[in-house]
Amino acid sequence: MDKTSGSDKAMADKYNVETAEILANEAQHLPIAEATPIYEQLLQLFPTAAKFWKQYVEANMAVNNDDATKQIFSRCLLNCLQIPLWRCYIRFIRKSNDKKGIEGQEETKKAFEFMLNYIGADIASGPVWTEYISFLKSLPALNAQEESQRMTAVRKVYQKAIITPTHHIEQIWKDYENFENSVSRQLAKGLISEYQPKYTSARAVYRERKKYFDEIDWNMLAVPPSGANKEEMQWMAWKRLLSFEKGNPQRIDAASSNKRIIFTYEQCLMYMYHYPDIWYDYATWHAKGGSIDAAIKVFQRSLKALPDSEILRYAYAELEESRGAIQAAKKIYEGLLGDGVSATTLAHIQFIRFLRRTEGVEAARKYFLDARKSPSCTYHVYVAYATMAFCLDKDPKMAHNVFEAGLKRFMLEPVYILEYADFLTRLNDDKNIRALFERALSSLPPEKSVEVWKKFIQFEQTYGDLASMLKVEQRRKAALSGAGEDGTEAMGSSLQDVVSRYSFMDLWPCPSNDLDHLTRQEWLAKNIDKKVEKSALPNGMTFLDKASTGSISTPATKVVYPDTSKMVIYDPKQTPSAGTNAFDEILKATPPALVAFLANLPAVEGPMPNVDIVLSICMQSDLLNGQIGKTGIPTQLQSGKTGISAQLPAGPAPATSELSGSSKSHPVASGLSFKPTNNRQYGKRKQPDRQEDDDTTTVQSQPLPRDAFRIRQYQKARASSASQTGSVSYGSAFSGDLSGSTG
């Protein structure tokens, strides 16, 4: 794939991760002059992609372009707290200062301190600590004082490293022990015993911390949330890690704990860059801790990352207003409004409220007069300002005038009519409410007037008498009869109307079952005529109702309604239709492992057993002590097909000989051993001449009781009876009976 085709693909879907990876791989094999535009394009889309920054800077380092390298590091280091990128930075610094002597060593030391200050808390920062320690040890010492200073510097770095939960904490601890012992064994004892508990705590925290870090995909690119499962899992993993760090599991001082939390948030934003909730959590965490300036910086960064996020602007303005920075908050609102043409309705409303809170009634009124001239002004602005004038300014006259002015523009908006009616209801102005409903219903088309009619009926139920209620209901039915309902049916009265008139809040004049029944009846009444007409038509003719004929001649509307004539009334008692397979539906919701297990089960021929009875018999029977045939299966299970007891008639259970089909019972020596015969016929039905034997069955051949305690007593009684008679004939394992006969 050539560079041009890769660029075109990236423009088609700018956040396509696969395309970005392809472009990055292409840029690695191009000269730096050709690769630079590609890297800039990628980093404009993925400004926190540390691996792209690392490739970009390494490409410049390879051609010794130091100025460009420094510029790239200044753009990315503080926003990309990733170990490989920062180790690339320290490599560049060491290379640049390698031949500068003492001055270069000091610059390198400052660079190490700068790096550890930002990424020293990373769980993978162990090699960085080790590299810094090795660098300090390699510094020349010209006298004993310099040697002592060097050892002190090395000790301080070791002591910071061993209390940082990293992958290499155990190795660093061992190196620290060796270091202290090599300097002074007497001093080593005290220092090691002092830092041993701190190291132990850090190591324990590392083990817990590692579990959270292992859930995170460190190669993920920051893309806008799309609802994909992987993205949501990563969001949850970061939330868990942040919660863990906020709990201060290591019990370190507040400053160090806050520094670690900040580091975790910064790393999180590398991958959750387009998630406004992460930015908001980060800013509010700063604000709750008293760092208002830090919170403001986070909000400012968030608006650069998500310039179209209206909610973050409101949150930022709220923070500024809460701390008394009114002008700063006003600038944020003005940024939302822009030139006023592209401003949203909500932005107008929130700015009016802000002005009312901060500058007073006149400022809010003045802006409302300007906002209503905007092309983006909807009825919401009128409702919001009228409500504010009524509730905050205590000026019902102004609110009434605003609603009246809006009515001239939004007479065909049902929601506006309802809001105006609610306002008049608060004033208890029943005359104007009736006048409003009459004006609105005379203008609204039937399909838009449904909710207004409902509100009118509710008003009459509260303010009117029985005659006015019935009159409005009849008018409603007449008006809506042409909106898809049958005219004669709409004009008739139903019990639903009585329920509506005599219910109050959550109190109903009939049980919920009756309400469901009435609802089903109402639906059937609307659709039964259509079904009758269809069945009455001669063969070859097609029924077309008003809705379908109208759709042929008129263009489709925005709202697509379902075909209610094909709907089925829900009845929990009805059985599934013959075309549906309940077992297939169950398999769809079954885990794959269980489906594979079920597929390997042998096929069952014949009647299906009662699972509860089978499990009960298995639990009550001592299968290990039962008789085992040549096949290794207990003879109780060999005596007949599964589920045979379910096919037997009620009454005394037959003996084993009857179930097996043989002509006589099989004696068992001492009641312990049993050998099945070879002429047994499985599943053979009883012959009619065997009925006499059934009538002479003993009491012991009766079915066992269902109670488990009584079953055990019954079995003990049979066992004692068998020991006295000398032989026992075992019955069906599925009916759980034992039949004893004298030998």
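What share of the chain over residues 276-309 is helix, what share is strand, and how far apart are the end C-alpha atoms? In this predicted model, the stretch is 79% helix and 0% strand, and its end C-alpha atoms lie 8 Å apart. The UniProt record, an unreviewed entry, lists these residues as "repeat: TPR".

Further along the chain, helix α18 comprises the 14 residues 345-358 and spans 20 Å from its first C-alpha to its last, which is close to the 20 Å expected at 1.5 Å a residue. Several residues of α18 are buried, among them the aromatic residues Phe351 and Phe354, together with Ile349, Ile352 and Leu355; the buried residues of this helix also include Thr345, His348 and Arg356. The cover over these buried residues includes α16 (310-322) and α17 (326-337), as well as α19 (361-371) and α20 (379-391). After α18 comes Gly360, for which the phi angle is positive, near 105°.

The loop between α19 and α20 contains Ser376. This serine counts as buried because its relative accessibility is 16%, and the cut-off for a buried residue is under 20%. The side chain of Ser376 is also joined to that of Ser374 by a polar contact of 3.0 Å.

As for enclosed space, the model holds three cavities of 30 Å³ or more. The second largest cavity has a volume of about 40 Å³, and its lining is formed by Glu245, Asn248, Pro249, Gln250, Ile252, Ser257 and Arg260.

Note on methods:
Residues are numbered from 1 along each chain as its sequence is written. This is a predicted model: local features need pLDDT of at least 70, side-chain atom pairs count only at pLDDT 80 or more; totals for chains, interfaces and linings use all residues. Side-chain values use heavy atoms; hydrogens and water are left out. UniProt positions are given in the numbering used here, feature names are shortened, and annotations may be inferred rather than shown by experiment. Helices (H or I, at least four residues) and strands (E, at least two) are DSSP runs, numbered from the N terminus. The expected span of a helix is 1.5 Å times one less than its number of residues. Buried means under 20% relative accessible area, exposed over 50%, partly exposed in between (1.4 Å probe, protein chains only). Contact means heavy atoms within 4.5 Å. A polar contact is a pair of N or O atoms within 3.5 Å; within protein, one must be able to donate a hydrogen and the other to accept it, and residues adjacent in sequence count only if both atoms are side-chain atoms. On a 1 Å grid over the protein atoms alone, a cavity is a set of points where a 1.4 Å probe fits but cannot get out, and a pocket is an open set with protein on both sides within 12 Å along at least five of seven lines; lining residues have an atom within 4 Å of a point. Grid points are joined across faces, edges and corners, and a volume is the space filled by probe spheres set on the points.
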